[in-house]
Amino acid sequence: LGYNLHEKLAKKAGLSGVRLFLTMENLFLLTNYSGLDPEIVDITSGKDNLSSYPLPRKFTVGLTINF
C-alpha cells in the first residue's frame with residue numbers, strides 16, 4: 001500500500017517527490033488445518049507437536065524522499 005505526496009506540496013518543501021508505503025506479510029491464514037500453522041513441523045519427526053511458534057506477522061513502513 002503506498003501514497004505519493006502531491007507534486008506541488010513536495011516542491012514547496014524543496015523536494016522532487018515523496019512516497020510513503022506500508023507492506024504486510026502473514027496477516028492471516030486461510031486453511032482447514034486444526035493446528036496453529038500447517039507449515040510448522042518438527043524437523044526430526046515430521047509431525048506438528050505444537051512446540052513451535054507460527055510464522056510472525058511483518059509490518060514494514062517506509063518513506064522515500066527524492067531531492
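The following questions and answers look at the strands, one proline and the largest pocket of a predicted model.

Reader: In what order do the three strands of the open sheet stand?

Author: The strands of this open sheet pair in the antiparallel sense, and β1 and β2 do so over three bridges. β1 (2-4) and β3 stand at the edges with a single partner strand each, so one side of each is left without a neighbour in the sheet. Neighbouring strands are turned by 10 degrees against each other on average, direction ignored. The order of the three strands is β1-β2-β3.

Reader: Which residue in β2 does Gly-2 stand opposite?

Author: The strands β1 and β2 pair over three bridges, in the antiparallel sense. In β2, the residue opposite Gly-2 is Phe-21.

Reader: Leaving aside neighbours within four places in sequence, with which residues is Pro-56 in contact?

Author: Pro-56 has its place in the loop between β2 (17-25) and β3 (58-66). Although Pro-56 and Asn-26 are 30 residues apart in sequence, their C-alpha atoms are 6.8 Å apart in space. Contact here means heavy atoms within 4.5 Å, and, with those sequence neighbours left aside, the residues in contact with Pro-56 are Glu-25 and Asn-26.

Reader: How many nonpolar, polar and charged residues are in the lining of the largest pocket?

Author: About 190 Å³ of space lies in this pocket. Among the residues that line the largest pocket are Asn-26, Phe-28, Asp-37, Glu-39, Leu-55 and Arg-57. Sorted by class, the lining has seven nonpolar, one polar and three charged residues.

Terms used. Residues are numbered from 1 along each chain as its sequence is written. This is a predicted model: local features need pLDDT of at least 70, side-chain atom pairs count only at pLDDT 80 or more; totals for chains, interfaces and linings use all residues. Side-chain values use heavy atoms; hydrogens and water are left out. Helices (H or I, at least four residues) and strands (E, at least two) are DSSP runs, numbered from the N terminus. On a 1 Å grid over the protein atoms alone, a cavity is a set of points where a 1.4 Å probe fits but cannot get out, and a pocket is an open set with protein on both sides within 12 Å along at least five of seven lines; lining residues have an atom within 4 Å of a point. Grid points are joined across faces, edges and corners, and a volume is the space filled by probe spheres set on the points. Ala, Val, Leu, Ile, Met, Phe, Trp, Tyr, Cys and Pro count as nonpolar, Asp, Glu, Lys and Arg as charged, and the others, Gly among them, as polar. Two strands pair if DSSP finds at least two bridges between them. Axes are lines fitted to C-alpha atoms, for helices over the stretch in contact, and angles run from 0 to 180 degrees between N-to-C directions.
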